Amino acid sequence: MKWLMVAIIVGSTVLADLLQSFEMKRRGEVEVEDLRPGRIGGMLAGLARRGPLVLAVFFMAISFFAFMKLLSVADLSFAVPVTAASVVIETILAKLLLKEQVSPMRWAGACFVAGGVALLAV
Amino acid sequence: MAAGRMVFEELKPTVVSGRRLDFKTKALTAFVVLTNVLGNFAMSWGMKHQPAALANSPLVYLRTIFSPWVLLGTALLILWLLSRMTLLSWADLSYVLPVTSIGYVLTAILGKYFFAEQITWQRWLGTGAIMIGMILVGLTSPNTTAPHGRETNR
């Protein structure tokens, strides 16, 4: 049960982030002006019409509820470090699927962050 | 010294042309982190300060959802989602993830001061590791993929 929830959380978080990154790059750069109060509604509506982003939010919801479920069967000190694994998995997939150039410095940074998040929950 | 200067001279053109994008990206990163941390905090505060008397009534859920703190938290988390998507339109996923993970640290610090949670030496060590990771990734160029139809250096 515990590890099934972990797999669902990590899997859906990874999918949500990959979908968001892919679709937002495809859409093109968002202008800062679009985030102003008068225009933010229009931007939100525009994003809500993009299938991959809707799917990403759906996966975020799955991840959220699976995390809640995990907290009912495991401690926070187990749940948080497990989610840190997604940083490394997403970096690998960003390189393989999104064709990002992950330099050694970026690899090192991702590993430090994942290790650090794991330590935070000890 | 001389070697260091040579490296600097080589880096200079990229630094200058990318400076505006760089500043924009860092400012938005700060906004993404703040809305996430404050949004989670407001949610958490709202949930922990509910009247316990109505605990079994469905009304309590409605009251919780429409309490000022939870509404504020929801608004902040919507802003977080939008600003994070914006950041992902400017920068790599492998850049955004590590640099926004400072949020874990800020959440731990807020937890210490407002919810009287303890910070052990392992947590400080974790905090240090996250900061190092963040700085390492922050030094790399935010966007390494070819832009899709738009130029990056604006």
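**A:V117**

I began with A:V117 in this predicted model. I left aside its neighbours within four places in sequence. In its own chain, A:V117 is in contact with A:V80, A:P81 and A:A84. Across in chain B, A:V117 is in contact with B:S101, B:Y104, B:G126 and B:I130.

I then looked up the nonpolar cores. The largest has 46 residues. A:V117 is among those with the most contacts inside it, along with A:V113, B:L87, B:L88, B:V96 and B:I130. So two of my entries meet here, because A:V117 is in contact with B:I130 and both are on that list.**Helix 4 and helix 5 of chain A**

Next I checked how these two helices pack. Helix 4 of chain A covers residues 76-96, and helix 5 of chain A covers residues 104-120. I noted an angle of about 170° between them, with the axes 7 Å apart. Angles over 145 degrees count as roughly antiparallel. Helix 4 of chain A and helix 5 of chain A are therefore roughly antiparallel to each other.

Which residues of the two helices meet? From helix 4 of chain A, I listed A:V80, A:P81, A:A84, A:A85, A:V87, A:V88 and A:T91. From helix 5 of chain A, I listed A:A110, A:C111, A:V113, A:A114, A:V117, A:A118 and A:L120. By class, the residues of this contact are 13 nonpolar, one polar and no charged.

**Chain A overall**

I stepped back to the whole chain. Chain A has five helices and zero strands. Its elements run α-α-α-α-α from the N terminus on. The C-alpha atoms of chain A fill a box of roughly 45 × 35 × 25 Å along the principal axes. Of its 122 residues, 36% count as buried. I also looked at contacts in chain A with a separation of 6 or more. Residues 24 or more positions apart account for 81% of them.

**Contact between the chains**

How many residues does each chain give to the contact? I found 35 from chain B and 39 from chain A. On the chain B side, the elements that give two or more residues are helix 3 (68-90), helix 4 (93-100), helix 5 (102-114) and helix 6 (121-138). Helix 6 of chain B has the largest share, 12 residues. The side of chain B that touches chain A has 17 nonpolar, 15 polar and three charged residues.

**Helix 4 of chain B**

Last, I asked about burial in this helix. Helix 4 of chain B is mostly covered, with seven of its eight residues buried. The buried ones are B:L93, B:S94, B:Y95, B:V96, B:L97, B:P98 and B:V99. I had met B:V96 before, among the residues with the most contacts inside the largest nonpolar core.

Definitions and conventions: Residues numbered from 1 in each chain as written. Chains lettered and ligands numbered in written order. Predicted model: local features only at pLDDT ≥ 70, side-chain atom pairs only at ≥ 80, totals over all residues. Contact = placed C-beta atoms within 7 Å. Helix = DSSP H or I, 4+ residues; strand = E, 2+ residues; numbered from the N terminus. Nonpolar A, V, L, I, M, F, W, Y, C, P; charged D, E, K, R; others polar. Buried ≥ 20, exposed ≤ 12 C-beta atoms within 10 Å, placed from the backbone. Core = buried A, V, L, I, M, F, W, Y, C linked by C-beta atoms within 7 Å. Axes fitted to C-alpha atoms, helices over the stretch in contact; angles between N-to-C directions. Parallel < 35°, antiparallel > 145°, perpendicular 65-115°, else oblique.
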